Amino acid sequence: MSLFKNIFEKSLSQSKELIKDSHSGSLAASADEVAKILNDWVRNPIALSEARRNAREWASKNLDSQSEYLRFV
C-alpha cells in the first residue's frame, strides 16, 4: 500500500529522492501520469513486483530501528 501512496507524492523532496534512489515506485505530477503508471503496471506486473521487492529491500536495510523509521514519517 505504501508503494501506491508514494506514486502520488510530489511535494516532498525527501520522498522523491527516496523513491528514485530505492527504485521502489514511480513519481507523477498529474492524474494522467498516475493513470499511465497504473496502466503500465497492469500490463507489466513484473515491473510492479520489482518495485515492491526494491521497497522491501530498502526498508529492511534502512528502517532497522524506531529512530530510523521516525525520520521518514
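Begin by selecting Ala31, Asp32, Lys36, Val42 and Arg43 in this predicted model. These exposed residues lie on the face of helix α3 that is turned away from the buried side of α3.

Next, select the buried residues of α3, namely Val34, Ile37 and Trp41. Around the helix axis they cover an arc of only 65°, and therefore they lie on the same side of α3.

Now display the whole of α3, residues 31-43. Its end C-alpha atoms are 18 Å apart. This agrees with the expected span, because 13 residues at 1.5 Å a residue should also give 18 Å.

Add helix α4, residues 45-62, to the selection. The axes of α3 and α4 are 5 Å apart, and the two helices pack at an angle of about 105°. The angle falls between 65 and 115 degrees, which means that α3 is roughly perpendicular to α4. To view the contact itself, select Trp41, Val42 and Arg43 on α3, together with Pro45, Ala47 and Leu48 on α4. Two residues of this contact have appeared already on the exposed face of α3, Val42 and Arg43, while Trp41 was met among the buried residues of α3.

Finally, return to the whole protein. From the N terminus on, its elements run α-α-α-α-α, with 5 helices and 0 strands. The protein has 73 residues, of which 23% are buried. Among contacts between residues at least 6 apart in sequence, 45% join residues at least 24 apart. With the surface displayed, the accessible area comes to about 5,400 Å², and carbon and sulfur atoms account for 53% of it.

Definitions and conventions. Residues numbered from 1 in each chain as written. Predicted model: local features only at pLDDT ≥ 70, side-chain atom pairs only at ≥ 80, totals over all residues. Heavy atoms only, no water. Helix = DSSP H or I, 4+ residues; strand = E, 2+ residues; numbered from the N terminus. Expected span 1.5 Å × (residues − 1). Buried < 20%, exposed > 50% of the residue type's maximum accessible area, 1.4 Å probe, protein only. Arc of directions from axis to C-beta. Contact = heavy atoms within 4.5 Å. Areas by Shrake-Rupley, 256 points an atom, 1.4 Å probe, with all protein chains shown as cover. Axes fitted to C-alpha atoms, helices over the stretch in contact; angles between N-to-C directions. Parallel < 35°, antiparallel > 145°, perpendicular 65-115°, else oblique.
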